[in-house]
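Me: Hey, I've got a structure here that I've never looked at before. Can you walk me through it?

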Amino acid sequence: YRAFAFDQRGYSSGARRPHVEDYRIDALVADVLAVADTQGMDRFDLVGHDWGAMVAWVLAARHPERIRTLTAVSVPHPAAFGAALGGGDPDQAERSSYIGVFRQEGVAERALLGEDESGDGLRAMFVASGLAADAAEIDVFVAAMLEPGALTAALNWYRAMSADAVGDVGKISVPTLYVWSTQDIALGRQAAEATAQWVSGPYRFEILEGVSHWIPEAAPQDLNRLLLEHLGSSQ
């Protein structure tokens, strides 16, 4: 397999748009298709974690003709997540309370960067959400967010989020693998299990016991095994 892992909008210094509206889901979906188009890929296997998974769900729903298989990691189908967040699951509402802070311009930046703008708040967030305090990834992630404008661009993904934009995401018809972990601090079991109702095509739901939200970092061998099995099962 050829793998393309690109810096998404705002995370790349070359694609750091200044306005909140530049980070709406339509633009994020269009970016993925544009990358595929530049590589001459009419159909491709799509894999996304966290916000990448949200974009992947929407893309697969809107453009199934472009997707050979979908693999979503951690984040459930938007409709299942919205139902849980909208009152169906008090546990999910509590887990997602941080989103309200992230949407506050200036407030979130100060909290995450710290008084000395060293990124202490970011480090604490990564550790609290499951990364080991000495994980090499933390230094990489924090360094990226300390670039001028990078943190605001990342937070603009949350600020541009609209319930209307993702609430109408229909059922997924392409072969789908969804991987969720029991120690995910941000995403609860109810929406994870309800995702099955939103996939009409072949579906596989895998639970990683005792793994945090950071599945690609914490359980790469398990994730790669599941991913390769999924890719190999589809023609």
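Reply: Sure, we can talk about cavities first and then aromatic rings. Keep in mind that this is a predicted model.

Me: OK, how many cavities of 30 Å³ or more does a search of the whole structure find?

Reply: The search turns up 2 of them. The largest cavity holds about 170 Å³ of space.

Me: Which residues line the largest cavity?

Reply: The lining is made of D50, W51, M54, V75, F81, Y98, I99, Y158, M161, A186, L187 and H213. Two elements give two or more residues each to that lining: helix 2 (51-62) and helix 5 (98-102).

Me: And how does the lining of the largest cavity split by class?

Reply: It has 10 nonpolar residues, 1 polar and 1 charged. The charged one is D50, because Asp counts as charged.

Me: Let's switch to rings. How many aromatic pairs are there in the whole structure?

Reply: There are 11. One of them is F102 with Y158, an edge-to-face pair at 5.1 Å centre to centre and 80 degrees between the planes.

Me: Where do F102 and Y158 lie?

Reply: F102 is in helix 5 and Y158 is in helix 9 (residues 150-159), so this pair ties together parts that are 56 residues apart in sequence.

Me: Are those two buried or exposed?

Reply: F102 is buried, at 11% relative accessible area. Y158 is buried too, with 12%.

Me: What about Y178 and F205, stacked or edge-to-face?

Reply: That pair is stacked, with 5.4 Å centre to centre and 15 degrees between the planes. Y178 sits in strand 3 (residues 176-183) and F205 in strand 4 (residues 203-212), so the pair links parts 27 residues apart in sequence.

Me: Why does Y178 count as buried?

Reply: Because its relative accessibility is 0%, and buried means under 20%. F205, on the other hand, counts as partly exposed at 27%.

Me: Going back to F102 and Y158, which residues form one aromatic cluster with them?

Reply: Y11, W51, Y98 and W157 join F102 and Y158 in that cluster. W51, Y98 and Y158 also appear in the lining of the largest cavity.

Me: Last topic: where is D139 found?

Reply: D139 is in helix 8 (residues 136-145). At 44% relative accessibility, D139 counts as partly exposed.

Me: And how far apart are D139 and K171?

Reply: They are 32 residues apart in sequence and 38 Å apart in space, going C-alpha to C-alpha.

How values were computed
Residues are numbered from 1 along each chain as its sequence is written. This is a predicted model: local features need pLDDT of at least 70, side-chain atom pairs count only at pLDDT 80 or more; totals for chains, interfaces and linings use all residues. Side-chain values use heavy atoms; hydrogens and water are left out. On a 1 Å grid over the protein atoms alone, a cavity is a set of points where a 1.4 Å probe fits but cannot get out, and a pocket is an open set with protein on both sides within 12 Å along at least five of seven lines; lining residues have an atom within 4 Å of a point. Grid points are joined across faces, edges and corners, and a volume is the space filled by probe spheres set on the points. Helices (H or I, at least four residues) and strands (E, at least two) are DSSP runs, numbered from the N terminus. Rings of Phe, Tyr and Trp (its six-membered ring) pair if their centres lie within 6.5 Å; planes under 30 degrees apart count as stacked, over 60 as edge-to-face and the rest as tilted. Buried means under 20% relative accessible area, exposed over 50%, partly exposed in between (1.4 Å probe, protein chains only).
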